[in-house]
Amino acid sequence: MPTRFLSFGATALTFIMVAALGVVSGRVEGQSSIGSDGVAEAFAHLQGREILFRDTGGSGVPIVFLHAGTGSSIVWQHQIAAVRAAGYRFVAYDRLGSGRSVLDPRAEPGSAADDLQGLMEHLKIERFHLVGTAAGGIVALDYALSFPQRLRSLVVANSIGGVQDDDYLAMGRRMRPSPQFDSMPAEFRELGPSYRAANPAGTARWMELEHLSHPTTPLPSPQKSRNRVTFAMLETIRVPTLLLTGDADLYTPPSVLRLFSARMRGAETVIVPEAGHSVYWEQPEIFNRAVLAFIGKH
């Protein structure tokens, strides 16, 4: 399908304080508390790990959000109000290695896709929409390959996808030479220049949340994917998919996004102007409209 360029205003959406409204349904299991943005949060006690999740509850169809490697479940503050206003249930969680989720010292890290499946079983969520940004998009694709029957739709934003084809990995090394690229500040790598120039307060807040998302206890080794993802494997995905990136994304510029859209038949694509690797934060109004419009069709 043709790529769409969207240019709605970039005003950040305000979030709704819901603590006093009792919106969290009985499906949130275990003792919960209310986060600073009014969303209930609790720990899911899964095998060998405790996963901190955040859930608005309610009877709406769930949309599960997977954060970037530099974030945790707290980064979605610009999405909560829009998701609730559209009638959906917002769910996000800290993946192992980020935020407050904790791995038992005697347990193996396992796979992030299995953790997501375990959390969905814990919350008794059968089918849901899945939105992953950056490293969360890698997990989302791995989950879509492993548990496609659980997904209503899939949104992959600003993500290199975890593809392991040799020519694709070589291209990534040309684009982001090591160690020079990795040594740059996170906000330089993950926020576009237009945003950093125009929104110093938003940049400072993103940096604060990135710092707060650092784990108390790092993982002993990275989590593994369930699948060795290749472009050939992506061709097998039949879940309705939206691919999204920013025109100034240093990881997934438009030319890289087109590599994915060429292999994922029927996928819709959106390129957001004046945005880098964190469209959900830099251009939340555009991100929310694009994601919710797509999900609304499925």
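This passage describes the packing, helices, cavities and largest pocket of a predicted model.

The protein chain contains eleven helices and eleven strands. Of its 298 residues, 54% count as buried. Among contacts in the chain with a separation of 6 or more, residues 24 or more positions apart account for 75%.

In soluble globular proteins, nonpolar side chains tend to be buried together. In the present model, the largest nonpolar core comprises 45 residues. Within this core, the residues with the most contacts are Met120, Leu130, Tyr143, Leu234 and Phe260. A second core, separate from the largest one, has 34 residues and includes Val75, Trp206, Val272 and Trp281.

Phe260 links several parts of the sequence. When neighbours within four places in sequence are left aside, the contacts of Phe260 are Leu141, Ser159, Ile160, Gly161, Val163, Tyr168, Phe231, Leu234 and Leu243. Phe260 is also one of the buried residues of helix H9, together with Pro254, Val256 and Leu257. These four residues lie on the same side of H9, because the arc they cover around the axis is only 155 degrees. The cover over the buried residues of H9 includes the helices H3, H4 and H8, as well as the strands S10 and S11, the last spanning residues 268–272.

Helix H4, formed by residues 166–175, has Tyr168, Met171 and Gly172 as buried residues. Their arc around the axis is only 100 degrees, and they are therefore placed on the same side of H4. On the other side of H4, the residues Asp166, Asp167, Arg173 and Arg174 are exposed. The packing partners of the buried residues of H4 are helix H8, at residues 231–234, and helix H9, at residues 254–263.

Phe231, in helix H8, has contacts in both of these neighbouring helices. Its relative accessible area is 7%, below the 20% limit, so Phe231 counts as buried. Apart from neighbours within four places in sequence, Phe231 is in contact with Val163, Asp165, Tyr168, Leu259, Phe260 and Arg263. The C-alpha atoms of Phe231 and Val163 are 6.6 Å apart in space, while the two residues are 68 residues apart in sequence.

Three cavities of 30 Å³ or more are present in the structure. The largest cavity has a volume of about 40 Å³. Its lining consists of Leu141, Val156, Ala157, Asn158, Ser159, Gly161, Leu243, Leu244, Thr252, Leu257 and Phe260. At least two lining residues are supplied by each of strand S9 (151–157), strand S10 (241–246) and H9. By class, seven of the residues lining the largest cavity are nonpolar and four are polar, with no charged residues. Phe260 thus appears in the lining of the largest cavity as well as among the residues with the most contacts inside the largest nonpolar core.

The second largest cavity also has a volume of about 40 Å³. Phe65, Gln79, Val83, Phe287, Asn288, Val291 and Leu292 form its lining. Helix H11 gives the largest share of this lining, with four residues. The lining of the second largest cavity divides into five nonpolar and two polar residues, and none that are charged. Asn288, one of the lining residues, lies in H11, which spans residues 284–295. With a relative accessibility of 6%, under the 20% limit, Asn288 counts as buried. Asn288 and Ala81 are 207 residues apart in sequence, yet their C-alpha atoms are 9.9 Å apart in space.

The largest pocket has a volume of about 650 Å³. Its lining is made up of 27 residues, and those nearest the pocket centre are Gly69, Arg95, Ala135, Ile138 and Val139. Two or more lining residues come from each of helix H2 (112–123), helix H3 (135–146) and helix H5 (186–190). Of the elements, H3 contributes the largest share, four residues. By class, the lining of the largest pocket comprises eleven nonpolar, nine polar and seven charged residues, whereas the lining of the largest cavity has no charged residues.

Notes:
Residues numbered from 1 in each chain as written. Predicted model: local features only at pLDDT ≥ 70, side-chain atom pairs only at ≥ 80, totals over all residues. Heavy atoms only, no water. Core = buried A, V, L, I, M, F, W, Y, C linked by side-chain atoms within 4.5 Å. Buried < 20%, exposed > 50% of the residue type's maximum accessible area, 1.4 Å probe, protein only. Contact = heavy atoms within 4.5 Å. 1 Å grid on protein atoms, 1.4 Å probe; cavity = no way out; pocket = protein on both sides within 12 Å on 5 of 7 lines; lining within 4 Å. Points joined across faces, edges and corners; volume = space filled by probe spheres on them. Nonpolar A, V, L, I, M, F, W, Y, C, P; charged D, E, K, R; others polar. Arc of directions from axis to C-beta.
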